Each structure stands twice: as structure tokens, then as C-alpha cells.
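Okay, thanks for coming, everyone. I'll put the structure up and talk through how it is put together, helices and sheets in turn.

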Amino acid sequence: MHTSHSHGEASTRDMYLAARSKGLTIIGFSEHSPRPETHSYPTDYQEKLREGIPAYVREVSALARSAEESGVEVLLGIEADYIPMREDFTVSFLRNYPFAYVIGGLHFQGEWGFDRSADDWMPLSGTERAKIYVRYYEDMIRMCKSRLFDIVAHPDLVKIFSIADFRDWIAEESSFSLVRDALIAMRDNGLLMEVSSAGLRKPCKEIYPGPRIMSLAAELGLSISFASDAHCINTPAYAFPELAAYAASFGYRESAVPRNRELRFFPFSSPGKP
Ligand SMILES: [Zn+2]
Ligand SMILES: [Zn+2]
């Protein structure tokens with residue numbers, strides 16, 4: 001869950017209450033982390049976020065203490081950008097706070113935030129798009145090897161504005177083998193793969209990650225973690241039954257929650273099945 005400390009629409013407390021109303025007993029906050037000043041979207045929230053992070057940490061920690069009394073676990077997490085060659089920035093940010101888990105996300109190539117606008121993608125040729133996909137998975141391998149993260153966020157976010165081209169690309173053997181290397185790096189460095197319903201709310205209209213990546217992940221024995229990437233009170237646990245049915249169709253029977261570098265696995269059943 002994100003909050004109004006970044007570009008989310010609701011306070012930590014309102015997001016917490018929304019998650020409770022969905023019946024969740026483990027609730028993870030994963031606000032965006034600040035990025036280096038060179039890496040910003042044309043409209044951004046970095047200044048507000050930089051100032052807001054101490055309050056975010058305080059508020060979520062207080063919610064965690066009060067939730068404990070009712071048997072609900074609130075986790076103070078963060079979604080940090082992986083920016084190649086700027087691991088130092090992430091390391092020095094992360095060391096200041098006791099995050100229970102860190103989600104690693106790729107949203108930038110160079111200083112370009114590729115997930116912001118379909119207009120940015122319009123003039124790009126198929127070859128140019130393919131180069132972006134390749135770079136995305138090369139960066140993902142570096143991200144996994146950095147060992148800074150517990151979960152890989154939305155592992156095919158790069159398809160957001162070009163789902164048809166992305167499907168053609170991943171159907172090619174060389175692309176598939178690169179994606180396979182990224183998933184192996186994920187598994188061998190102890191990361192979970194996020195299965196996120198956010199993609200359903202975006203122009204790609206598909207769960208992150210898509211079916212080819214899901215079946216490869218299952219084949220490689222990669223563990224998964226469910227997420228809705230909520231930015232408003234309507235989206236905590238968004239489409240979780242659909243995520244469960246989706247994961248189950250690839251043979252998954254449990255999802256994991258990381259806390260302080262330890263994993264707990266929770267069995268789930270797909271709707272309609274025991
Ligand atoms: Zn966001
Ligand atoms: Zn993200």
C-alpha cells in the first residue's frame with residue numbers, strides 16, 4: 001500500500017482501515033522511497049516524500065503497535081527504485097529505517113520514467129521497444145544480484161503501454177531466455193516474485209506478471225507474494241481472489257510474506273476449490 005506521503009490518495013490511517021475492512025490480518029505498507037534528484041517524473045512528489053518519510057515511518061509503526069492488540073500484523077515496508085550505478089543512494093536510505101521488507105521496483109531507464117505516459121511510447125518503433133524490454137530485464141538481473149531487496153515488484157511493468165509488442169517480444173527464444181535468466185537471478189538471490197493486481201487497472205489490463213512468466217516461475221520453483229499496489233482506499237487487496245485463482249492455475253499453492261529477511265508461507269485456495 002502507498003499513502004498520501006507520495007502520490008497515494010489516502011493517509012496511513014485511512015489505508016490501514018481500508019485494509020482492515022477487507023478482512024486482512026497481515027497488512028503491508030510499502031511507500032515509495034525517495035530517488036536521486038536526477039531521476040524524476042515531469043510531475044513528481046519527491047520533495048513531499050523526502051520530508052514525509054520520517055512521519056510515514058512513525059505513523060506506520062504506531063499503527064503496528066495498536067493493531068497488534070487485535071491480532072493484526074502491520075508491516076513497515078518500502079518500495080525502493082533500483083537505479084543501476086546508484087546502489088549507494090539506496091543503501092544509505094535503507095540503513096536509516098527498520099523496514100520489515102523492501103520491494104525493488106524498476107520504473108526508470110536512465111532518467112526516463114517509462115511507466116508514466118503512453119505518449120512517450122507512441123513514437124517508438126518495435127525495435128526501440130524491444131531494446132527497452134531487454135534493458136529492463138538486464139537491469140532486473142542487476143537488481144536481484146544487489147541483494148538489497150526482498151521482493152521484485154510488478155515483474156513485467158515494462159509492458160504497461162505496449163502489451164501486444166511485449167507479447168511478441170517474449171515469444172521469441174532469445175527474449176524468453178533473458179527473462180529466464182532474470183527469474184533465476186531472482187530465485188538464486190532469495191527474492192520473491194510479486195504477483196500484482198495493479199496491472200489489471202492499467203492500460204495493459206493484465207496481472208503483473210503475464211502467463212508466460214508465471215509458468216516459467218512455477219517451473220523454476222520461484223516463490224511468490226501477492227500485492228495490489230494500492231494507492232487509494234478502494235484498492236487494498238484488490239482482486240485478490242483473482243490473483244489466487246491465477247497463481248493456482250500455474251500450480252502455486254502458497255504465497256509468502258517476508259519480514260526482516262525471513263519468509264513465512266501461507267497456503268491459499270483458489271475460489272470455488274477447497
Ligand atoms: Zn505509486
Ligand atoms: Zn512500482
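Before anything else, one bit of vocabulary: when I say two helices are roughly parallel, I mean that the angle between them is under 35 degrees. And keep in mind that what you see is a predicted model.

So, which pair shows that best? Take helix α5, residues 126-146, and α7: they pack at about 15 degrees, and their axes are 8 Å apart. That angle is under the cut-off, so α5 and α7 are roughly parallel to each other. The handedness of the α5 and α7 crossing is left-handed. On the α5 side the contact uses Y133, V134, Y137, M140, I141, C144 and K145, and on the α7 side it uses S175, L178, V179, D181, A182, A185 and M186. Sort those residues of the α5 and α7 contact by class and you get 11 nonpolar, 1 polar and 2 charged.

Now stay with α7, but look at its other partner here, α8. Helix α7 covers residues 173-188 and helix α8 covers residues 211-220; their axes come within 10 Å and cross at roughly 45 degrees. That crossing angle makes α7 oblique to α8. What's the handedness this time? α7 passes α8 in a right-handed crossing. The residues that meet are V179, R180, L183, I184 and R187 from α7, with I213, L216, A217 and L220 from α8. By class, the contact of α7 with α8 has 7 nonpolar residues, no polar ones and 2 charged. If you're clicking along, notice V179: it turns up in the contact with α5 and again in the one with α8.

One more helix pair, back towards the start of the chain. Helix α1, residues 12-21, packs on helix α2, residues 46-68, at an angle of about 35 degrees, with the axes 10 Å apart. α1 goes past α2 in a right-handed crossing. Contributing to that contact are T12, R13 and Y16 from α1, along with Y56, E59, V60 and L63 from α2. The class split for α1 with α2 is 4 nonpolar, 1 polar and 2 charged.

On to the strands. What order do they take in the open sheet? There are 6 strands, running β1-β2-β3-β6-β7-β8, and the pairing is parallel. At the edges sit β1 (26-32) and β8 (224-227), each pairing on one side only. Zooming in on one step of that order, strand β3 (residues 101-105) and strand β6 (residues 151-152) run parallel and are joined by 2 bridges. If you want a residue pair to look at there, G104 has V152 in β6 as its bridge partner.

Then there's an antiparallel pair: strand β9, residues 254-259, and strand β10, residues 262-267, share 6 bridges. Within that pair, A256 stands opposite F265 in β10. β9 and β10 make a hairpin with 2 residues between them, and N260 in the turn has a positive phi of about 45 degrees.

Zooming out to finish: the chain has 9 helices and 10 strands. Its C-alpha trace spans about 55 × 50 × 30 Å along the principal axes. How does the radius of gyration sit against a compact globule? For 274 residues such a globule would be near 19 Å, and the chain has 18 Å, which agrees.

Okay, that's my tour. Questions?

Definitions and conventions. Residues numbered from 1 in each chain as written. Chains lettered and ligands numbered in written order. Predicted model: local features only at pLDDT ≥ 70, side-chain atom pairs only at ≥ 80, totals over all residues. Axes fitted to C-alpha atoms, helices over the stretch in contact; angles between N-to-C directions. Helix = DSSP H or I, 4+ residues; strand = E, 2+ residues; numbered from the N terminus. Parallel < 35°, antiparallel > 145°, perpendicular 65-115°, else oblique. Left-handed = near helix turned anticlockwise from the far one by under 90°. Contact = placed C-beta atoms within 7 Å. Nonpolar A, V, L, I, M, F, W, Y, C, P; charged D, E, K, R; others polar. Pairing = 2+ DSSP bridges. Rg over C-alpha atoms; globule rule 2.2 N^0.38 Å.
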